[in-house]
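Biologist: I am new to this structure, and I would like a close, careful look at one part of it, a single helix of your choosing. Please give me enough of the setting, and enough to compare it with, that I can find my way.

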Amino acid sequence: SDNSADFYLPPGSWLGMIGGGQLGRMFCQAAQAMGYKVAVLDPDEHSPTGAVAELHIQAGYRDEAGLARLAERCKAISTEFENVPADSLDVLARTSAVSPGAHAVAIVQDRISEKAFIEKAGVPVAPYVAVRDEADIQGAPVALFPGILKVARLGYDGKGQARVRTREEALDAFRAFSGAECVLEAMLPLDYELSVVLARGRDGATALYPSARNEHRDGILAVSTVDAALSASAADAGSGEAGNTADASLWESDNIDAQAERAAVAIATALEYVGVMCVEFFVLQDGSLVANEIAPRPHNSGHYTLDACACSQFEQQARVMAGLPLGDTRCLTNAVMLNILGDVWFDSDSGTLREPDWRRVLSVPGARLHLYGKAEARRGRKMGHVNIVGATLAQAQSGAARVAAALG
Ligand code: ADP
Ligand code: MG
């Protein structure tokens with residue numbers, strides 16, 4: 001209800017989180033560090049956030065009683081995953097300040113409306129068509145092959161995607177997805193990937209984190225790297241009032257990071273976004289920039305902010321919710337973030353379960369371990385990450401190589 005610019009909840013108040021995974025857990029820890037209490041709504045009794053929140057409401061995301069309990073306790077509510085039903089956010093918004101709002105989440109949780117929205121905001125996307133039936137594939141331009149067919153909803157970490165060389169393969173893949181709505185997009189020649197995390201307050205003020213360079217393996221983020229020197233000027237330009245990116249040097253710059261930051265702000269502004277969000281980009285081999293997707297929440301590629309920035313993306317999320325001033329997004333040190341997947345619990349020779357050598361990991365200078373408290377290691381499951389900070393980028397990178405070797 002009250003989503004006005006002067007909305008403020010002091011420390012000691014309750015903040016609500018929908019979704020109890022690792023993003024909710026790190027939010028919870030950051031909010032608690034500032035004296036807030038957290039209530040989390042998640043159906044899983046072993047949820048990573050539920051283990052640390054003051055209150056775990058164990059109920060589904062459409063459960064009326066669960067939603068009512070959350071709204072009763074928390075005057076500000078946010079989400080940690082994009083698949084929360086927009087209807088639930090609308091219900092909560094009758095009595096609590098919900099950020100991001102149902103409107104923004106609804107656009108972003110469907111790849112068809114997401115891509116159309118990004119284009120409308122003036123930011124290029126990969127050539128694509130919406131696929132609702134087989135005729136859409138029959139009629140797709142030849143330029144979309146080879147391509148990727150992605151289910152429009154509920155995909156993550158490369159799940160719900162098929163790389164298709166031909167129209168026939170696309171038809172097979174569409175049938176294999178049981179006819180779920182999809183987008184078919186051209187496979188682009190990537191030089192590298194980057195992402196921009198930003199926060200936007202209820203007053204429209206924005207704060208940008210330095211962009212991260214991202215490496216994916218099997219469709220899952222593996223490594224993010226942030227060069228503090230490279231990012232310093234851009235972060236300065238980004239923190240401040242809305243529209244501050246009109247700073248002439250930034251708009252005129254053909255620096256790719258500045259372009260990405262400008263595009264991310266354009267998208268956030270068009271969405272009238274309130275909260276923390278991320279835009280993933282591709283940099284193509286010809287040097288051009290293409291937006292891939294939007295996450296309406298803190299993002300895996302922003303985990304480096306926990307150890308490299310004055311204010312992490314999770315503290316920032318709490319600040320926006322509580323109506324506190326946006327935190328300082330400057331990157332104070334170089335950082336490499338390594339994701340820890342469940343795979344490292346499986347011995348590479350025998351395939352048997354074993355505990356990773358944490359003492360060896362933590363013997364590396366600058367290495368900081370973040371584990372999410374998930375009981376069961378599964379291949380491809382995000383179990384934690386390590387941030388390696390360094391006074392120089394080379395130091396952070398050589399530390400990261402040692403951590404990677406220690407993880408095996
Ligand atoms: P998810 O929701 O699973 O993160 P993405 O659309 O971000 O789905 O795709 C995951 C990864 O697959 C990307 O980070 C990128 O490495 C690769 N990818 C996705 N789309 C394309 C494309 N059009 N061209 C080339 N690579 C792509
Ligand atoms: Mg992605």
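Modeller: What follows goes from the whole chain to the chosen helix, and then to other places that can be set beside it.

This is a predicted model, and the chain in it has 14 helices and 18 strands. Its radius of gyration is 21 Å, close to the 22 Å that the globule rule gives for 408 residues, so the chain is as compact as a globular protein of that length. Along its principal axes the C-alpha trace spans about 60 × 50 × 50 Å. Buried residues make up 45% of the 408 residues, and of the contacts with a separation of 6 or more, 63% are between residues 24 or more positions apart. The domain assignment divides the chain into domain 1 (14–98), domain 2 (127–186) and domain 3 (190–407); the centres of domain 1 and domain 2, taken over C-alpha atoms, are separated by 34 Å.

The helix I have chosen is α12, which runs over residues 313–322. 10 of its 10 residues are buried, so α12 is largely enclosed by the rest of the structure. Reading along the helix, the buried residues are Gln-313, Phe-314, Glu-315, Gln-316, Gln-317, Ala-318, Arg-319, Val-320, Met-321 and Ala-322; Glu-315 and Arg-319 in this list belong to the charged class. As for what encloses the helix, its buried residues pack against the strands β1, β4, β10 and β14 (275–284), and against the helices α1 (22–33) and α11 (305–308). After α12 comes Gly-323, which has a positive phi, near 75°.

One of those packing partners, β10, leads on to the ligand. The strands β7 (147–151), β10 (190–200) and β15 (289–295) each supply at least two residues of the shell around ligand 1. There are 17 residues around this ligand, and those that come nearest are Ala-126, Gly-158, Leu-188, His-216 and Gly-219. Sorted by class, the shell holds six nonpolar, five polar and six charged residues. Because domain 2 and domain 3 both give residues to the shell, ligand 1 lies between them.

Two other helices serve for comparison with α12. In α2 (residues 64–73), Leu-67, Leu-70 and Ala-71 are buried. Seen down the axis of α2, these buried residues fall within an arc of 95°, so they line one face of the helix. Why can residues three or four places apart share a direction? An α-helix has 3.6 residues a turn, so such residues point the same way. The cover over the buried residues of α2 includes β1 (14–18), β2 (37–41), β3 (55–57), β4 (76–79) and α3 (86–92), and both β1 and β4 are also among the elements against which α12 packs.

In α7 (residues 167–176), the residues Ala-170, Ala-173 and Phe-174 are buried. Down the axis of α7 its buried residues fall within an arc of 100°, so they line one face of that helix, while Glu-168, Arg-175 and Ala-176 are exposed on the face turned away from the buried side. What covers the buried residues of α7 includes β6 (128–131), α6 (134–138), β7, β8 (161–164) and β9 (182–186). Ser-178, which follows α7, has a positive phi, near 55°.

Single residues at and beyond β16 (334–341) complete the picture. Asn-334 is placed in strand β16, and with 26 C-beta neighbours inside 10 Å it counts as buried. Although Asn-334 and Leu-393 are 59 residues apart in sequence, their C-alpha atoms are 5.3 Å apart in space; the residues that Asn-334 touches include Val-226, Asp-227, Ala-228 and Leu-393.

Gly-342 is in the loop between β16 and α13, and it counts as partly exposed, with 17 C-beta neighbours inside 10 Å. From Gly-342 to Arg-378 the sequence separation is 36 residues, and the distance is 4.6 Å, C-alpha to C-alpha. Among the residues that Gly-342 touches are Ala-377, Arg-378 and Met-383.

Arg-354 is also found in the loop between β16 and α13 (358–361), but this residue is exposed, with 12 other C-beta atoms within 10 Å. Leaving aside residues up to four places away in sequence, Arg-354 touches Trp-345 and Asp-347.

Terms used. Residues numbered from 1 in each chain as written. Chains lettered and ligands numbered in written order. Predicted model: local features only at pLDDT ≥ 70, side-chain atom pairs only at ≥ 80, totals over all residues. Helix = DSSP H or I, 4+ residues; strand = E, 2+ residues; numbered from the N terminus. Rg over C-alpha atoms; globule rule 2.2 N^0.38 Å. Buried ≥ 20, exposed ≤ 12 C-beta atoms within 10 Å, placed from the backbone. Contact = placed C-beta atoms within 7 Å. Near = placed C-beta within 6 Å. Domains from an automatic or database assignment. Arc of directions from axis to C-beta.
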